[in-house]
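Here are a few notes for anyone opening this model for the first time. Have the sequence and the 3D view side by side as you read.

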Amino acid sequence: MSSDPLPPFRDAALLLDLDGTLLDLAPTPDSVVVPPGLTDALSRIRDQLDGALAVITGRAIETIDSLLGDAPHAIAGEHGGAIRPAPGAAIERPDLKPPPRSWLKRGAALEAAHPGSMFERKPRGFGLHFRLAPDAGPAIHEALAGLVADSKDFWLMPGHMMWEIRPRGVDKGDAVARLMRSAPFLGRLPVFIGDDVTDEDGMRVARSLGGAGLRVQDVFGDAAGVRVWLYDTAAAGDWGALR
Ligand SMILES: [Mg+2]
């Protein structure tokens with residue numbers, strides 16, 4: 001186990017990834033399950049932290065709304081490509097180019113060519129999931145890597161049994177830095193928790209701001225372990241015990 005020391009609970013802001021951190025990974029993005037009690041625990045912790053609880057995810061903000069309701073105060077979606085700093089506030093988006101139309105066609109064609117794979121359009125890019133077609137991973141990688149090979153505006157990011165074409169210039173670290181600049185996060189010490197390569201940017205920025213970056217696998221084992229810790233934290237009004 002390795003874990004950054006946590007700041008005092010009353011001084012912290014809690015910034016949480018969704019898939020693989022709060023929720024168990026599922027065969028498809030749409031089939032995740034929100035366990036009973038999770039949104040209540042998140043709402044309690046948000047109140048205990050005077051609002052300083054955010055979800056920072058690759059998904060769209062609307063998806064987080066549908067899964068978690070108003071439990072998080074702030075949501076950063078699309079890996080920082082969209083930020084809503086408070087419930088009901090306008091969504092802030094850095095000005096970025098959409099992917100070329102020809103790439104979207106190529107993505108859809110890859111889905112058709114590899115049964116079981118799944119094309120997922122994102123507002124600033126797209127992903128190809130191959131959890132249900134694991135043998136197609138290398139071919140999908142090769143095709144998508146070819147698209148971005150000479151691009152200044154996009155890069156290819158690995159995920160859990162998926163590849164995603166994403167714009168350059170935004171990541172979860174930017175999202176942490178932007179959220180921490182205003183209330184209710186301003187003046188607090190960020191604790192970022194995530195399970196994926198994209199979360200490492202968030203962990204790095206959280207540490208640089210004097211907080212902590214915790215990797216799920218190292219500190220909690222899995223998302224179920226994170227949830228047990230959150231339930232303990234909500235009940236105690238103080239950090240639950242780490243393994
Ligand atoms: Mg994740």
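1. First, a term for what follows: a nonpolar core is a set of buried Ala, Val, Leu, Ile, Met, Phe, Trp, Tyr and Cys residues joined through C-beta atoms within 7 Å. Keep in mind too that this is a predicted model.

2. Which residues sit at the heart of the largest nonpolar core, touching the most other members? They are A13, L14, L15, A54, V176, L179 and V191, out of 47 residues in that core. As a general point, nonpolar side chains in soluble globular proteins tend to be buried together.

3. L179 is a good one to click on. Beyond its neighbours within four places in sequence, L179 is in contact with A54, A74, A76, I83, P85 and F185. There is also a second, separate core, made of 11 residues and including L110, L128, I140 and W163.

4. Now zoom out. The protein chain has eight helices and 10 strands, and 42% of its 243 residues count as buried. Its C-alpha atoms fill a box of roughly 50 × 35 × 30 Å along the principal axes. A compact globule with 243 residues would have a radius of gyration near 18 Å, and the protein chain has 18 Å, so the two agree.

5. How do the strands line up in the open sheet of six? The order is 4-3-2-1-9-10, and the pairing is mixed. Strand 4 (82–84) and strand 10 (212–215) are the edges, each pairing on one side only. From one strand to the next, the twist averages 15 degrees.

6. Within that sheet, look at strand 1 (residues 12–16) and strand 9 (residues 189–194): they run parallel and are joined by five bridges. Here L14 stands opposite V191 in strand 9, and both residues are on the list of core members that touch the most others. Helix 2 (residues 61–68) packs on the sheet, where it touches strand 2 (53–56), strand 3 (74–77) and strand 4. The direction of helix 2 makes about 135 degrees with that of strand 3.

7. Last, the domains. Domain 1 comes in two pieces of sequence (9–94 + 170–236), while domain 2 covers 101–167. Their centres, taken over C-alpha atoms, are 26 Å apart, and each domain gives 13 residues to the contact. On long-range contacts, take pairs in the protein chain at least 6 apart in sequence: 57% of these join residues at least 24 apart.

Terms used:
Residues are numbered from 1 along each chain as its sequence is written. This is a predicted model: local features need pLDDT of at least 70, side-chain atom pairs count only at pLDDT 80 or more; totals for chains, interfaces and linings use all residues. Helices (H or I, at least four residues) and strands (E, at least two) are DSSP runs, numbered from the N terminus. The radius of gyration is taken over C-alpha atoms; the globule rule is 2.2 Å times the number of residues to the power 0.38. A residue is buried if 20 or more other C-beta atoms lie within 10 Å of its own, exposed if 12 or fewer, and partly exposed in between; C-beta atoms are placed from the backbone. Two residues are in contact if their C-beta atoms, placed from the backbone, lie within 7 Å. Two strands pair if DSSP finds at least two bridges between them. Axes are lines fitted to C-alpha atoms, for helices over the stretch in contact, and angles run from 0 to 180 degrees between N-to-C directions. Domain bounds come from an automatic or database domain assignment.
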